[in-house]
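User: I would like to go through a structure with you, one question at a time. Could you help me read it?
Analyst: Certainly; please show it here.

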Protein chains: 2
Amino acid sequence: MNSTFGLQRQPLHTQVAEILRAQIVSGDLPPGERMNEVALCEALGISRTPLREAVKILELEGLVTIRPHKGAMVSEISLRDIGEIFDLLAPLEALGTRLALERMTAEERTGILDLHDRMIGCYEANDREGCFQNDYRFHNTMIELARHDVLRATHTGLTNRSQRGRYLAPRFSQPKLDEAMAAHVRLIEAVRADDIDAAAEIMFDHVRCTGEFVLDTLRQSNLAK
Amino acid sequence: MNSTFGLQRQPLHTQVAEILRAQIVSGDLPPGERMNEVALCEALGISRTPLREAVKILELEGLVTIRPHKGAMVSEISLRDIGEIFDLLAPLEALGTRLALERMTAEERTGILDLHDRMIGCYEANDREGCFQNDYRFHNTMIELARHDVLRATHTGLTNRSQRGRYLAPRFSQPKLDEAMAAHVRLIEAVRADDIDAAAEIMFDHVRCTGEFVLDTLRQSNLAK
DNA sequence: TATTTGATGATTGCATGCAAAATGATGGCA
DNA sequence: TGCCATCATTTTGCATGCAATCATCAAATA
């Protein structure tokens, strides 16, 4: 774990935060789960100090809720939270799209076009999971290409939380998936035409629409509060 | 402070984080200042554990930079950072304006109109400091009225960082101040007319313009890197 | 029986101690 | 003189210990 020359040049609390973050985002640690310090420490093979530091970090990220003297638990994820997160993601991804189109190189441009094609490939092959994976990568790549530290940091914080909805809402309905894919196609057309305004607007609507849909699915399945 | 039955049930690390945050935002702790753990602990009269937890929190907020095994320092604030922060603030405050206009009550509406009048009063009395104070309150109030937790949290994180520019750029030029006040007047007109789209757009341009101006001032004074 | 009080065990919050890493200084060698 | 190696000091990172707080439950009282 430590080997492969990557060595161990990361503090314990950072590594612990990464591990716990991954487990929470993936739903491995379910919402509401109590996080007993000593139990987690034994499981991770560390002492309470770095664990507590990690938990504080996750609290600020909105993944953990701490009540003083009562302990930490995995944050509940409410419909309202998810809706609010997408409220912010829409304008932020629109901004990211705008910047990415302005700043990306020709190679990066072909890279993101490839990513789109791969996603469409999965879509046409009815590979929903592949579709999601590539969609996720597509949006993240777009933000990366914006070369904007504050945007990236804010975006990852929000997507980490929104991703928690995924495991609650496992199935997109076909019409909504069709709609999302159509939006991506239109977006790529705007990218090819270098129409920044159009691309930003399409992205805004697409993210907003995705948010609406996640909310609908959650409301149906009744899994979140 | 403790009284009125609300008692004093706040953990040490939270209080310490608040104190340090205030000192950093106000410029009391200048950018680049090394934060020696034992020195700070003695100054605050606490042990290293809660201090370290507080510093971790401030790191995630972007106010502190930690290099492993080398210690923490107050984050440098770069021109690029400030520009990026305003890049996000513009669309977020526009969103906040939109939501606030939709959701605020009649009393809240008169409250924010009063706040505006007070600011204009300071402006006409050439009270720049009062102007800033009320402007700051105005924007914060607008975000509060949006009743949107994720927006509020993100917004405070960003303004805490942008505020650090204030002490670097103490003087707005008169023309820019005039421009900002004019924008506020137009914004309030839109509020009175209940024209949500117009208000959001004016707010967007206003924040963006403020960002541009802070950058200009900083570039002149050559205080930030 | 229902409600409250007291005691016990578990859990968190903070302080302290110890080992590893980094910084700075000193001395040897070219 | 200049450079590198080595060692001492400082500082951080993590582990552990102790006190304060909370949760649970049984006993006592109305």
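User: Which helix holds B:Ile24?
Analyst: B:Ile24 belongs to helix 1 of chain B. Please keep in mind that this is a predicted model.

User: Is B:Ile24 buried or exposed?
Analyst: B:Ile24 has a relative accessible area of 1%. Residues under 20% count as buried, so B:Ile24 is buried.

User: Which residues is B:Ile24 in contact with, leaving aside neighbours within four places in sequence?
Analyst: B:Ile24 is in contact with B:Leu29, B:Leu58, B:Leu63, B:Val64, B:Val74 and B:Arg164.

User: And what separates B:Ile24 from B:Leu89?
Analyst: Along the chain they are 65 residues apart, and their C-alpha atoms are separated by 20 Å.

User: New topic: the DNA. Which residues are closest to DNA strand C?
Analyst: The closest are A:Arg48, A:Arg52, B:Leu12, B:Ser47 and B:Thr49, out of 21 residues that surround DNA strand C. Of the strand's atoms that come within 4 Å of the protein, sugar and phosphate account for 71%.

User: Which atoms of DNA strand C do A:Asn36, A:His69 and B:Thr49 approach?
Analyst: The side chain of A:Asn36 has an N or O atom 3.1 Å from a phosphate oxygen of DNA strand C. For A:His69, a backbone N or O atom lies 3.2 Å from a phosphate oxygen of that strand. B:Thr49 approaches a base: a polar atom of its side chain is 2.8 Å from a base nitrogen.

User: Which elements give two or more residues to that surface?
Analyst: In chain A they are strand 1 (34-35) and helix 3 (48-60), and in chain B they are helix 1 (12-25) and helix 3 (48-60). Helix 3 of chain B gives the most, with 3 residues.

User: What about DNA strand D: how many residues surround it?
Analyst: DNA strand D is surrounded by 21 residues, and the closest are A:Leu12, A:Ser47, B:Arg9, B:Arg48 and B:Arg52. Sugar and phosphate make up 72% of the atoms of DNA strand D within 4 Å of the protein.

User: Where do A:Ser47, B:Arg52 and B:Asn36 come in?
Analyst: A polar side-chain atom of A:Ser47 is 2.7 Å from a phosphate oxygen of DNA strand D. The side chain of B:Arg52 places an N or O atom 2.7 Å from a phosphate oxygen of this strand, and for the side chain of B:Asn36 the corresponding value is 3.3 Å. Helix 3 of chain A supplies the largest share of the surface near DNA strand D, 3 residues.

User: How are the two protein chains related?
Analyst: A turn of 180° with a shift of 0.0 Å along the axis lays chain B on chain A with an RMSD of 0.1 Å. That is the relation of a two-fold axis.

User: Why do we say that the copies meet through the same surface?
Analyst: Because 96% of the interface residues of chain B are also interface residues in chain A.

User: What about helix 8 of chain A: how many residues does it have?
Analyst: Helix 8 (residues 174-192) has 19 residues and reaches 27 Å from its first C-alpha to its last, close to the 27 Å expected. Its buried residues include A:Leu177, A:Met181, A:His184 and A:Ile188. Helix 8 is followed by A:Asp194, whose phi is positive, near 60°.

User: Lastly, what is the mean pLDDT of chain A?
Analyst: The mean is 91, and 92% of the residues of chain A reach 70 or more. Over residues 1-7, however, pLDDT stays under 50. Where pLDDT is low, the predicted coordinates should not be read in detail.

Technical notes:
Residues are numbered from 1 along each chain as its sequence is written. Chains are lettered from A and ligands numbered from 1 in the order in which they are written. This is a predicted model: local features need pLDDT of at least 70, side-chain atom pairs count only at pLDDT 80 or more; totals for chains, interfaces and linings use all residues. Side-chain values use heavy atoms; hydrogens and water are left out. pLDDT is the predictor's confidence in each residue, from 0 to 100. Contact means heavy atoms within 4.5 Å. Helices (H or I, at least four residues) and strands (E, at least two) are DSSP runs, numbered from the N terminus. The expected span of a helix is 1.5 Å times one less than its number of residues. Buried means under 20% relative accessible area, exposed over 50%, partly exposed in between (1.4 Å probe, protein chains only). Copies are superposed by least squares on the C-alpha atoms of residues with pLDDT of at least 70 in both. A residue is near a molecule or strand if one of its heavy atoms lies within 4 Å of it. A polar contact is a pair of N or O atoms within 3.5 Å; within protein, one must be able to donate a hydrogen and the other to accept it, and residues adjacent in sequence count only if both atoms are side-chain atoms.
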